[in-house]
Amino acid sequence: MIKTITMEKNTERLEREFQEKIDNEVKIEPKDWMPDAYRKNLIRQISQHAHSEVIGMQPEGNWITRAPSLRAKKILLAKIQDEAGHGLYLYSAAETLGVSRDTFLQWLHEGKAKYSSIFNYPTLNWADMGAVGWLVDGAAIVNQVSLQKTSYGPYSRAMVRICKEESFHQRQGYEIMTKMARGTKEQKQMAQDALNRMWWPALMMFGPHDSDSAHSSQSLKWKIKRESNDSLRQRFIDKTIPQAELIGLTVPDPDLELQPNGSYKTGEINWDEFWNVVKGNGPCNKQRLAHHKKAHEEGRWVREACLAFAEN
Ligand code: BYC
């Protein structure tokens, strides 16, 4: 009995000291004490982030062989390679929390771990490469700049590196959109069509409204997340709409309204569509997962050869 009470007091003290560190902006490092729920929440978020980077290579990989010039092909190849690197930084950061890479992949393959909803939409033509870079990487940066200040040291440091590369990705996408929007009538139409299809899914990347976000309040208290889903989404909207206007494209939202404070009020996101995609029923969910499983299986011999070499 006395032992149980002492243990409880000890845990309370550890929790208080932990929260004090967070409140004072001291980073939590892998060997520091942390509440189980903090560890669990981080494992979930960082591994899902890593899966998003890796699965995110598929919609773009689809267009490497059909890039319209050698320059465009080289840029796209470099970008996709960067995404693989981002996945590796993030898996490494998540592994410091005591779960192996194999387990993360197993969770992904069993459908226990998620990846960003956006990658379950198809990329139908070259303009989509512009829209992905401009909107998807653009949304990812807004979120990731904020996550540079996340409380877990390895995650925060991975974010700093990733943000440097991500801003180049956003610009290469905007360059493609600008070229197409200023090209022939047909090219401009392709750019507008890509914006029409990607706009709402890009807004969904930020997750449900704050009031429906299961993890936000605890994640904000622990500074795993530094800003809420809705405030990040609003920042992205306010940055992106003037960029669309600059190249003569229109955001597909009849309810869009510029408010006196310079911020845009948008129509409502189709949340049924969002949850349907999150639950695995989007246009490409099955294809994306099947492709990942196949590539992982086909790479087995490489992993085994590396291990055999390391053991000798
Ligand atoms: N897609 O309580 P909530 C990239 C899930 S891509 C799928 O608000 P949280 C890239 C959520 O996981 C960007 N699922 O969750 C760019 C939770 O379910 P679980 C990847 C989503 O975690 C170009 C449930 O809904 N970035 O970088 O507080 C090329 C309730 O949501 C989504 C990151 O992952 C969604 N959009 O907030 C290649 C950034 N939204 O887990 C790559 C790190 C929500 O309980 N992650 N859900 O089963 C985050 O910042 C946060 O996890 C989120 C969601 C804002 C995404």
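**Note on the ligand site and the second largest pocket**

1. In this predicted model, an N or O atom in the side chain of asparagine 229 lies 2.9 Å from an oxygen atom of the ligand. Histidine 215 also reaches a ligand oxygen, with a polar side-chain atom at 2.6 Å. Methionine 204 takes part through its backbone: one of its polar backbone atoms is 3.3 Å from a nitrogen atom of the ligand.

2. The protein buries 91% of the 1,000 Å² that the ligand exposes when taken alone. Two or more residues of the surrounding shell come from each of α2 (36-55), α4 (70-95), α6 (126-147) and α11 (271-281).

3. There are 33 residues around the ligand, and those that come nearest are Arg44, Lys114, Ser213, His215 and Lys225. Sorted by class, this shell holds 14 nonpolar residues, twelve polar ones and seven charged ones.

4. A separate item is the second largest pocket, whose volume is about 400 Å³. Its lining consists of 14 residues, of which Val54, Met57, His292, Ala295 and His296 are the closest to the centre.

5. Which elements give two or more residues to the lining of the second largest pocket? They are α3 (57-61), α4, α5 (101-109) and α12 (285-298). The most comes from α12, with four residues. Helix α4 is listed for this lining and also for the shell around the ligand.

6. The lining of the second largest pocket divides by class into seven nonpolar, five polar and two charged residues.

How values were computed. Residues numbered from 1 in each chain as written. Predicted model: local features only at pLDDT ≥ 70, side-chain atom pairs only at ≥ 80, totals over all residues. Heavy atoms only, no water. Near = heavy atom within 4 Å. Polar contact = N/O pair within 3.5 Å; in protein donor to acceptor, adjacent residues only side chain to side chain. Areas by Shrake-Rupley, 256 points an atom, 1.4 Å probe, with all protein chains shown as cover. Nonpolar A, V, L, I, M, F, W, Y, C, P; charged D, E, K, R; others polar. 1 Å grid on protein atoms, 1.4 Å probe; cavity = no way out; pocket = protein on both sides within 12 Å on 5 of 7 lines; lining within 4 Å. Points joined across faces, edges and corners; volume = space filled by probe spheres on them.
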